[in-house]
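Biologist: Please pick one part of this model and look at it closely. Then relate it to what surrounds it.

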Amino acid sequence: MTTMDMATGSIASRPQAGIGRAARRVFWPSARVRAACAFLAPVAVLVAALIAAPLAGVVWNSLHHASLIDATVGGFAGLDNFRMVLDDEHFLPALTHTLVWTILSVAGEYACGLATALALAQPFRGRALVRGLIILPWVIPIAIAGVNWAWLLNPDYGVLNAWLVRMGVLAEPHDWLGRSETALLTVTLVNVWRSFPFYTISLLAALTSIPDDLYEAAALDGAGIVRRFFVITLPHLRPVSLTLIVIHVIWTAINFDFIWVMTQGGPLDATETLPILIYRYAMQEFDVGLACALATLSMAAMATLFLVQALVVRAREAR
Amino acid sequence: MVVSARHRTLSGLATGFVLVFFVAFCVFPFLWMLDTAFKPAAEVFSTAPTLWIASPTLSNFRAVVLESPFLIYFGNSLIVAGASTILTVSLSVFASYAMSRWSYLSVTQIVTGGLIVSQMIPGVLLLIPLYVLIRDMGLLSTYAALVIVYSTFMVPLASFMLKGFFDAVPRELEEAAAMDGCSRLGFIRRILLPVTLPGLMAIAVFAFIAAWNEFMFGYVLINDDARRTLTPGIMLFKGSHQTDWGSLTAASVLAAVPVALGFVYVQRFLITGLTAGAVKG
C-alpha cells in the first residue's frame, strides 16, 4: 500500500516527463480523493464539532456531576443522574404527557393529512391554490402560530370562546390554555393544525404515483369505490405512511418550541413533556448531569424506535 | 378512474366538504391575525369580536415599528437568516458535488453516512452541550453563534437536495468543459451552478425560512436584546402581563411576510424536496 502510494506519488510529481497514459490513470484517483476530501472537509468539520462531539458530550455528562454555572462541581457519577431522573416526581407525569401529546398529535395529523391528500388528489379547478392554503400553517414560524392561537383562545377577548358561547356550546368562556384539564389537549390540537400539511404533501405525492390502470382494472373486476380504497390506495400508501409516522413520533416527542411558546409547560406542569423537563433541569436548575441523563434516555428510546422500524421494513422486503 | 355517475357526485361532495373545512381550519387563524392587526384597541379588547372592522387603523403597525424593538429583531433575523443561508449553500455546493460525482469514494461514503445520521439527531438533545460550547467560545449573544448552529443543522438536508439537482446534470457536459480546458472549480462556477440555479434558489429559500422560523436556539443562545431574533422576540412581546394583542398581531403579520413570499417561490419544489429529505431523515 505504502510503496504503491510512494510510487504513484513520485510519478505524479512529474507527469510532464513523458510518462504515458497508464501512469496518469494511476495518478488521477489520488488527486480525486484529495479534491473530495477538500470539498467535504468543511461540512464534515461542522457536523463533527457541532453534532457528533456534543452528542458524545451528552452521554459523557450523563455519567458525571456537572453544573452549568458552578465549575467546581464535577466527578464521576456512575448512574446517579439516571437514578435521580427516574426518581424525580416530575418524570412520570412528563413521560405520560409526552406519550399523550405524541400519540394524539400523530394520530390526528395522519387522519387530517390523509383526508386532505385524498381530496386534493381529485381533479378540480383551483387545486394549486387550495394546496397552497392548506400548507400555510406548516410554513409560518411556530412562535407566531403559537402566539396567535393563544389570542384566538384567549378567555376574555378571544374569538373562539365568544363564538362558542354565542352558539350555546359553552355557558361561559373557558381558559383553554390556562386550565390544567384542557391545556395539553389544546396544545395538541394546535400542533395537529400546524403539522398535518406535511402529511398532506407527502401522501399526495404517493397518491399521484399510483397508476390509474390499477383502479380501472379493479373497477372492471367489479370492485366498488370503498373496496378499491382498501385494496389499492392504502397498500400503496403504506411505505410513505410508515416513514411519516416514525419521523413524526420522534419529531413530536422531542418538540420543545410549541409547548414552550404556548404554555411553558404550565399550568401546574400540565403540559410539561420530557424536552421541557430537559430544558428546566439545564437552564433553571443548572444541573447539566441530570439534563444530559434525560437526553440520553430520550435518545436511546429514539434509536430503539428507528431500529424497530428498520427491522420491520427489512422483514417486509424479505417477504 | 372508473366511477359511476352517482359515485362521482358523492365523492365530489365529500371532496368539497373536506376541502372547505380544512381550508377554513388552516386559514382562519391567519385571517383573524390580519383582522386584529388592523383593529383599534377598543375593537381588539371587545367581548363580542367581529370579523368586520368598524374603523380600520394602522396604529398597531405604527406602534410596533416605531415604539418597540421590533425593527431591531427583524434586522437581526434578516442578518442571521441571510448569513446562514449563504454559509449553508456554499458548503453544500462542494459537499453535494463530491456526493454526486465521487459517490464511489470511501471518504464520500463516510461523510454521507455521517450526514444522514446527524440529520436524525434532534437539536433539543444537543441544546446543553451546544450552549456550553458556544459559551466557552465566547459567542453567546452573537450573530455568529446562530449562524454556525443553523448552518450545521441545515447542511445535511441542503446537501441531499442539491445532490439530486447535480445528479441531473449530464457528465458529458463536464467532460466537454474539461476538454475545453475548464478546471473543476471553473466548471462548478461557470456551468454547474448556472444550470442548477432554480434548484439552488429553492434550497437557499428553504435554508432562509428554516433559520427565520427557528425558535429554540435563538431563545437560548441570545440573551442580549440588541441581538435577539424575531421568533423569541415575539414570544417575549407576549410575556408582559397585559398583552397588547393589536401590536402582537401586527408584529406577527410583518414577521410572516418574508416567509410567505419565499414560500410562494418554493412551493413547486416542496413535494420533491420534502419527500427526498423525509426518506433520508
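Modeller: Of the 281 residues in chain B, 45% are buried. This is a predicted model, and that share should be read with the confidence scores beside it. The mean pLDDT of chain B is 87, and 93% of the residues score at least 70. The model as a whole has an ipTM of 0.84 and a pTM of 0.85.

The confidence of chain B varies by element. Helix H4 (residues 70-101) of chain B has the highest mean pLDDT among the elements, 95, while H13(B) has the lowest, 73. Over residues 275-281 of chain B, pLDDT stays under 50. The model nevertheless has 18 contacts beyond four places in sequence for that stretch.

As to the fold, chain B consists of 13 helices and zero strands, and from the N terminus on its elements run α-α-α-α-α-α-α-α-α-α-α-α-α. A compact globule of 281 residues would have a radius of gyration near 19 Å, whereas the value for chain B is 24 Å. The C-alpha trace of chain B spans about 75 × 70 × 35 Å along its principal axes. Among its contacts between residues at least 6 apart in sequence, 78% join residues at least 24 apart.

Chain A can be described in the same terms. Chain A also comes to 13 helices and zero strands, in the pattern α-α-α-α-α-α-α-α-α-α-α-α-α. Its radius of gyration is 27 Å, well over the 20 Å that the globule rule gives for 319 residues, so chain A is more spread out than a compact globule. The C-alpha trace of chain A spans about 95 × 75 × 40 Å along its principal axes. Buried residues make up 39% of its 319 residues. Of the contacts in chain A with a separation of 6 or more, 64% are between residues 24 or more positions apart.

Next, the contact between the chains. Here 79 residues of chain B are in contact with 68 residues of chain A. On the chain B side, helix H13 (residues 245-280) of chain B supplies the largest share, 15 residues. H13(B) is also the element of chain B with the lowest mean pLDDT. By residue class, the side of chain B that touches chain A has 59 nonpolar, 18 polar and two charged residues.

The largest nonpolar core has members in both chains. It holds 161 residues, and those that touch the most other members are Ile278(A), Ala291(A), Leu294(A) and Ile203(B). Helix H7 (residues 143-167) of chain B gives the most to this core, 16 residues. Domain 1 (2-62) and domain 2 (91-271) of chain A both contribute residues, so the core lies between them.

One of those residues, Ala291(A), shows how the chains come together. Beyond its neighbours within four places in sequence, Ala291(A) is in contact with Ile278(A), Tyr281(A), Ala282(A) and Ile128(B).

Of these contacts, Ile278(A), Tyr281(A) and Ala282(A) are buried residues of H12(A). That leads to helix H12 (residues 274-284) of chain A, in which nine of the eleven residues are buried. The buried residues run from Leu274(A) and Pro275(A) through Ile276(A), Leu277(A) and Ile278(A) to Tyr279(A), Arg280(A), Tyr281(A) and Ala282(A). Their cover includes three helices of chain A, namely H4 (91-121), H11 (257-262) and H13 (288-318). It also includes helix H6 (123-136) of chain B.

The loops on either side of H12(A) each contain a residue with an unusual backbone angle for its type to note. In the loop between H11 and H12 of chain A lies Gln264(A), whose phi is near 55°, a positive value in a residue other than glycine. Gln264(A) counts as partly exposed because it has 15 C-beta neighbours inside 10 Å. In the loop between H12 and H13 of chain A is Phe286(A), just after H12(A). Phe286(A) is not a glycine either, yet its phi is positive, about 60°. With 15 C-beta neighbours inside 10 Å, Phe286(A) likewise counts as partly exposed.

Methods
Residues are numbered from 1 along each chain as its sequence is written. Chains are lettered from A and ligands numbered from 1 in the order in which they are written. This is a predicted model: local features need pLDDT of at least 70, side-chain atom pairs count only at pLDDT 80 or more; totals for chains, interfaces and linings use all residues. Two residues are in contact if their C-beta atoms, placed from the backbone, lie within 7 Å. Helices (H or I, at least four residues) and strands (E, at least two) are DSSP runs, numbered from the N terminus. Ala, Val, Leu, Ile, Met, Phe, Trp, Tyr, Cys and Pro count as nonpolar, Asp, Glu, Lys and Arg as charged, and the others, Gly among them, as polar. A nonpolar core is a set of buried Ala, Val, Leu, Ile, Met, Phe, Trp, Tyr and Cys residues joined through C-beta atoms within 7 Å. A residue is buried if 20 or more other C-beta atoms lie within 10 Å of its own, exposed if 12 or fewer, and partly exposed in between; C-beta atoms are placed from the backbone. Domain bounds come from an automatic or database domain assignment. The radius of gyration is taken over C-alpha atoms; the globule rule is 2.2 Å times the number of residues to the power 0.38. pLDDT is the predictor's confidence in each residue, from 0 to 100.
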